[in-house]
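Here is a short briefing to read alongside the model. Keep the sequence and the 3D view open as you go.

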Amino acid sequence: MHAPPGTDSPALGGTGANETVHFTTAQDSVARLLTLADDRLALMPQVAAAKWRTHAPVFDPGREQAVIRRARQLGEAMGLEPQPLGSLFALQARLARQVQTNLHARWQAQGVADRAGVPTLQQLRPRLDTLTVQMLRAVYLAVPALQQDASVAQQVSLAQRLLHADGWTEQGRQELLQQLHSQRRLARPALQRIAATGLLRVGTTGDYAPFSLEANGLLAGSDIQLAQQLARSLHAEAVFVPTSWARLLDDLHQDAFDMAIGGISVTAARRAQAAFSLPYLQGGKTLIARCADAARLRDLAQIDRPGVRLIVNPGGTNQQYVQENVHRAHVALFPDNRTIFGEIESGRADVMITDDVEADWQTRRHPSLCRTNAQTLTHSRKAILLPRDTAFVAAVNAWLRPQIASGQIGSELRSYLEH
């Protein structure tokens, strides 16, 4: 489920708080939702036994309606359309009822008099209520993936593999997937959704050390830690959603995440389409090359000439700068920013233009590479990318301001650089 990192991209160091942080992919979110639906149906034999023991009827319309009503109310606060949610939970109630009815008929035929040692309905219902909330949170995370037609076949395969409790039929699996595909989001303020779900969805590329780097299936970096701390201040859990530099703004507009981090530069083009937090770091573009070539690749004039092989990762401000300022050197796009510095080290490329922080981090890990110029070619600021939601931006800035003033963010960044 995770793209394998390059062999020359070690995991970031730091405080250790991020050692078990992972991306939550589209497949992860759908699989979680299907697993919870299976867990719910898997409890029905115990529910049936509890009802059998007390001679309670299988069909309890009052209880079913209360569950559906609660799901609709909680889901609407999360920004989910209540009508499709009601249909989803009505289907689950019908499937649960079928399992219980079949079991009671079997036990009646077998002459079973008692089902001793099973939990009571009073003990089981809190577990079912917890599953309701967990399923709503899972629906909330899975909606973008469920609306992608290209992933339907994969979801059918997941349903075959994960829906295996007694009571599932091929028709039942198909009906569940149909109900899941009908789920939709409502426009709701970010803070309301975060409070209702207890989730802060954070987009990040996972390819830009020391801010955000995925290696060996784990995410780490100073911005990963920053996002976790911000989530805790909002009484939420940070859920990290993979994105790319090329898709960053599109994913934000399509509500794939609530905010994005990972060394994102504030640019006019991005400001035209989104909001930013207060900037928490300043720097600029610089040059990185093999130390042996540092003397001949010290400035833009020296690299922008025939015979120089410049390498760049696509979709971000590095590529934008190169397109605007480099016209004579040979420019090669390299898709994986985690392994791109190995191309210079191996001699397949000569130089790269990137942010000074990344250059400093990479030269510590690649002894044969050097910054060829102690200055920067540009001046830029790093900030959190946000939707144009005034209250959300204000809440993020209110938390961020004292973190910047105290030097905490700079201190954490230095700890990653020096590890």
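About 18300 Å² of the protein's surface is accessible, and carbon and sulfur atoms account for 51% of that area. Please keep in mind that this is a predicted model. The notes below start with the overall picture and then turn to charged pairs, aromatic rings and one helix.

**Overall picture**

- The C-alpha atoms occupy a box of roughly 90 × 40 × 35 Å along the principal axes.
- You will find 17 helices and 15 strands in the secondary structure.
- The protein has 419 residues, and 53% of them count as buried.
- Among contacts with a separation of 6 or more, 79% are between residues 24 or more positions apart.

**Salt bridges around Arg 201**

- Across the whole structure, the search turns up 23 salt bridges.
- One of these joins Arg 201 to Asp 255, with 2.7 Å between the closest N and O atoms.
- Arg 201 sits in strand S1 (residues 199–204), while Asp 255 belongs to the loop between helix H10 (248–253) and strand S6 (259–260), so this salt bridge ties together parts that are 54 residues apart in sequence.
- The two partners have their own accessibilities: Arg 201 is buried at 1% relative accessibility, whereas Asp 255 is partly exposed at 23%.
- Both residues also belong to a network of salt bridges that links Arg 185, Arg 193, Arg 201, Asp 255 and Asp 258.
- Arg 185, a member of that network, also lies over the face of Tyr 140, 4.8 Å from the ring centre.

**Two further salt bridges**

- Where in the chain are the parts that Asp 350 and Arg 309 tie together? Their side chains meet in a salt bridge with an N to O distance of 2.8 Å. Asp 350 is in the loop between helix H14 (340–345) and strand S12 (351–355), and Arg 309 is in strand S10 (residues 309–312), so the pair connects parts 41 residues apart in sequence.
- Asp 350 is buried, with a relative accessible area of 3%, and Arg 309 is partly exposed at 30%.
- Asp 293 and Arg 296 form another salt bridge, at 3.6 Å from N to O.
- Of these two, Asp 293 is buried at 14% relative accessibility, while Arg 296 is partly exposed at 34%.

**Aromatic rings**

- The structure holds 3 aromatic pairs.
- Among them is the edge-to-face pair of Tyr 208 and Trp 245, whose ring centres are 5.9 Å apart and whose planes meet at 70°.
- This pair links distant parts of the chain, 37 residues apart: Tyr 208 is in strand S2 (residues 207–208), and Trp 245 is in the loop between strand S5 (237–242) and H10.
- Are Tyr 208 and Trp 245 buried or exposed? Both are buried.
- Ring pairs also bring in Phe 211, which forms a cluster with Tyr 208 and Trp 245.

**Helix H13 and its cover**

- Which residues of helix H13 (residues 317–325) are buried? They are Thr 317, Asn 318, Gln 319, Tyr 321 and Val 322.
- The cover over these buried residues includes helices H11 (268–271) and H12 (300–303), along with strands S9 (285–290), S10, S11 (330–333) and S12.
- Two of those strands appeared earlier: S10 holds Arg 309, and S12 borders the loop that carries Asp 350.

Methods
Residues numbered from 1 in each chain as written. Predicted model: local features only at pLDDT ≥ 70, side-chain atom pairs only at ≥ 80, totals over all residues. Heavy atoms only, no water. Salt bridge = Lys/Arg side-chain N within 4 Å of Asp/Glu carboxyl O. Helix = DSSP H or I, 4+ residues; strand = E, 2+ residues; numbered from the N terminus. Buried < 20%, exposed > 50% of the residue type's maximum accessible area, 1.4 Å probe, protein only. Phe/Tyr/Trp six-rings, centres within 6.5 Å; stacked < 30°, edge-to-face > 60°. Lys NZ or Arg CZ within 6 Å of the ring centre and 35° of its normal. Contact = heavy atoms within 4.5 Å. Areas by Shrake-Rupley, 256 points an atom, 1.4 Å probe, with all protein chains shown as cover.
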